[in-house]
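Dear colleague,

I am handing over the structure below, together with some notes on what was found in it. Please keep it open while you read, so that you can follow each part in turn.

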Amino acid sequence: MVIADRVFVGVSTIILPGVTLGSDVIIGAGSIVADDIPSGVVAAGSPARVVSSLTEFLERRRAEMHSLPNFGDKSTIRGNVTEQRKVENECQDEESIWVLV
């Protein structure tokens, strides 16, 4: 088994003997890797197969992060969250309630 640089292997993944994982790879949790995985991809499944390029995956995740609520450092323990700030950060919409504790 050869694992190159900057590889993330999810929990409970099984990598069979003789498999090579290229650089810049993400392997999804619970995957069974039976064949070589090329560099710069995301792979998952049983058996693991390429799901997308790493670049496409990261672009989707960045877009998702920008679309979600971001409360900044003032809402962290380092920002000294007070009861008043908790109330200020409470957001409600029709389907869910977001409360920082």
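**The sheet and its surroundings**

In this predicted model, strand 7, which covers residues 41–45, is joined to strand 8 by five bridges, and the two strands run antiparallel. Together, strand 7 and strand 8 form a hairpin, with two residues between them. Two of the positions can be followed by eye: G45 has A48 in strand 8 as its bridge partner, while A44 stands opposite R49, also in strand 8.

On pairing, one general point may help: the strands of a sheet pair through backbone hydrogen bonds, and they may do so in either a parallel or an antiparallel way.

The parallel case is found here as well, since strand 5 and strand 7 pair in that sense over two bridges. If you look for I26, you will find that its bridge partner is V42 in strand 7.

Taken as a whole, the sheet is open and consists of four strands in the order 2-5-7-8, with mixed pairing. Strand 2 (7–9) and strand 8 (48–53) stand at the edges and have a single partner strand each, so one side of each of these two strands is left without a neighbour in the sheet. From one strand to the next, the twist averages 20°.

What packs on this sheet? Helix 1, made of residues 54–67, packs on it and touches strand 5 (25–27), strand 7 and strand 8. The direction of helix 1 makes about 60° with that of strand 8.

Finally, I would like to draw your attention to one residue, S52, which lies in strand 8. Is S52 buried or exposed? Its relative accessibility is 8%, and because residues under 20% are classed as buried, S52 counts as buried. Leaving aside residues up to four places away in sequence, S52 touches V41, V42, F57 and R60.

With kind regards

Terms used: Residues are numbered from 1 along each chain as its sequence is written. This is a predicted model: local features need pLDDT of at least 70, side-chain atom pairs count only at pLDDT 80 or more; totals for chains, interfaces and linings use all residues. Side-chain values use heavy atoms; hydrogens and water are left out. Two strands pair if DSSP finds at least two bridges between them. Axes are lines fitted to C-alpha atoms, for helices over the stretch in contact, and angles run from 0 to 180 degrees between N-to-C directions. Contact means heavy atoms within 4.5 Å. Buried means under 20% relative accessible area, exposed over 50%, partly exposed in between (1.4 Å probe, protein chains only).
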